[in-house]
Amino acid sequence: MFLNMANMQTPRSPLQLPTRGNQITVLSIDGGGIRGIITGTILAFLESELQKLDGADARLADYFDVISGTSTGGLVTAMLAAPNKQNRPLFAAKDINDFYLENCPKIFPQDSAPFASAANLVKTLRGPKYDGKFLHSIVKEKLGDTWLHQTLTNIVIPTFDIKRLQPTIFSTYNVKNNPSTDALLSDICIGTSAAPTYLPAHYFETKDPSGKVRDFNLIDGGVAANNPTLVAISEVSKAINREGPDSYRMNPMEYGRFLVLSLGTGTAKSEEKYDAEEAAKWGLLGWLTSDHSTPLVDVFTQASACETIKITER
């Protein structure tokens with residue numbers, strides 16, 4: 001469903017329950033690494049149009065009941081919803097592309113030396129292609145000590161815990177019921193961006209009010225939920241179940257009342273790239289690296305995206 005700006009409401013108070021009696025507005029942002037620039041361009045245009053209606057201080061977090069993102073989309077989600085010292089969004093949408101253009105060459109440094117391809121192949125076999133040190137430092141610098149519960153609107157960011165072998169969803173809807181998931185936004189963003197073979201898995205701990213420590217061992221949320229739209233709708237539906245339909249004046253299954261703006265990052269470069277004749281010859285090395293890509297990672301992320309699309313169409 002395409003988002004009609006004419007139907008958008010004026011800015012509302014932070015973390016309000018989904019718009020009662022009207023549509024629940026959802027902004028969903030896919031992963032895609034540096035291709036997040038595509039998303040940033042669209043978001044900057046949308047925010048500029050909203051500012052024509054409501055003034056220069058208008059921000060996307062004022063208009064969406066929930067923002068959800070996976071991988072690089074999780075980082076954009078945090079940038080749009082994290083508060084600054086004035087309790088307004090830390091980033092305007094127009095600042096997102098500047099962040100990518102300034103920092104991505106340092107996050108994903110390219111080696112132009114002779115035999116660089118062979119060196120990168122050996123490096124990929126021994127560990128992640130990029131060490132993630134600059135990414136970790138810049139994300140922690142920008143997001144600081146902001147916790148999940150402090151966001152200016154509801155957010156949902158999926159990750160995958162390799163120790164528990166199951167998805168871990170960081171959701172403002174769930175913090176009250178599961179306080180151990182109230183983590184620093186920087187840790188959540190680093191975790192959901194840790195694409196296998198590209199960036200290292202991320203470990204951190206949280207402590208709930210009783211003092212119980214929980215550990216997280218996270219990789220890219222795209223391996224389990226490459227389409228964050230379904231995850232966001234699921235979290236809202238569970239919140240309605242917990243609070244009761246009367247609290248929201250809608251039932252959990254009224255999906256027609258969700259107004260969703262889902263942003264991708266272009267067509268995957270791996271589309272129609274592999275075939276059975278080629279894959280039949282692959283061993284471990286072939287599945288991990290082929291023609292400067294990672295077929296195994298591509299298969300997992302694209303498969304999860306297709307499955308969530310099928311579920312939402314039923």
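Where in the chain is the place of Asp65? In this predicted model, Asp65 sits in the loop that runs between helix H1 (36-54) and strand S2 (66-69). Although Asp65 belongs to a loop, Asp65 is buried, because its relative accessible area is 1% and the cut-off for burial is under 20%. The side chain of Asp65 also has a polar partner: one of its polar atoms lies 2.9 Å from the backbone nitrogen of Thr25.

From this loop the reader may turn to helix H2, which spans residues 72-81. Ten of the ten residues of H2 are buried, so this helix is largely enclosed by the rest of the structure. The buried residues of H2 include Gly73, Gly74, Thr77 and Ala78, and among them are also Thr72, Leu75, Val76, Met79 and Leu80, which will appear again in the packing described next.

Two packed helices are described by the angle between their axes and the distance between the axes. For H2 and helix H3 (residues 96-107), the angle is about 130° and the axes are 11 Å apart. That angle makes H2 oblique to H3, and the crossing of the two helices is right-handed. On the side of H2 the contact is made by Thr72, Leu75, Val76, Met79 and Leu80, while H3 contributes Ile96, Phe99 and Tyr100. By residue class, this contact of H2 with H3 consists of seven nonpolar residues and one polar residue, with no charged residue taking part.

Helix H3 also packs against helix H5, in this case at an angle of about 145° and with the axes 9 Å apart. Here H3 supplies Phe99, Asn103, Lys106 and Ile107, and H5 supplies Phe134, Leu135, Ile138 and Lys142. The residues of the contact of H3 with H5 divide into five nonpolar, one polar and two charged. Phe99 of H3 is thus found in the contact with H2 and in the contact with H5.

A further link between these elements is given by Leu143, which lies in H5 (residues 133-143). Leu143 is buried, since its relative accessible area of 3% falls under the 20% cut-off. Leaving aside residues up to four places away in sequence, Leu143 touches Ala78, Ala82, Leu90, Leu185, Ser186 and Cys189. One of these partners, Ala78, is a buried residue of H2, and although Leu143 and Ala78 are 65 residues apart along the chain, their C-alpha atoms are separated by 8.0 Å.

Note on methods:
Residues numbered from 1 in each chain as written. Predicted model: local features only at pLDDT ≥ 70, side-chain atom pairs only at ≥ 80, totals over all residues. Heavy atoms only, no water. Axes fitted to C-alpha atoms, helices over the stretch in contact; angles between N-to-C directions. Helix = DSSP H or I, 4+ residues; strand = E, 2+ residues; numbered from the N terminus. Parallel < 35°, antiparallel > 145°, perpendicular 65-115°, else oblique. Left-handed = near helix turned anticlockwise from the far one by under 90°. Contact = heavy atoms within 4.5 Å. Nonpolar A, V, L, I, M, F, W, Y, C, P; charged D, E, K, R; others polar. Buried < 20%, exposed > 50% of the residue type's maximum accessible area, 1.4 Å probe, protein only. Polar contact = N/O pair within 3.5 Å; in protein donor to acceptor, adjacent residues only side chain to side chain.
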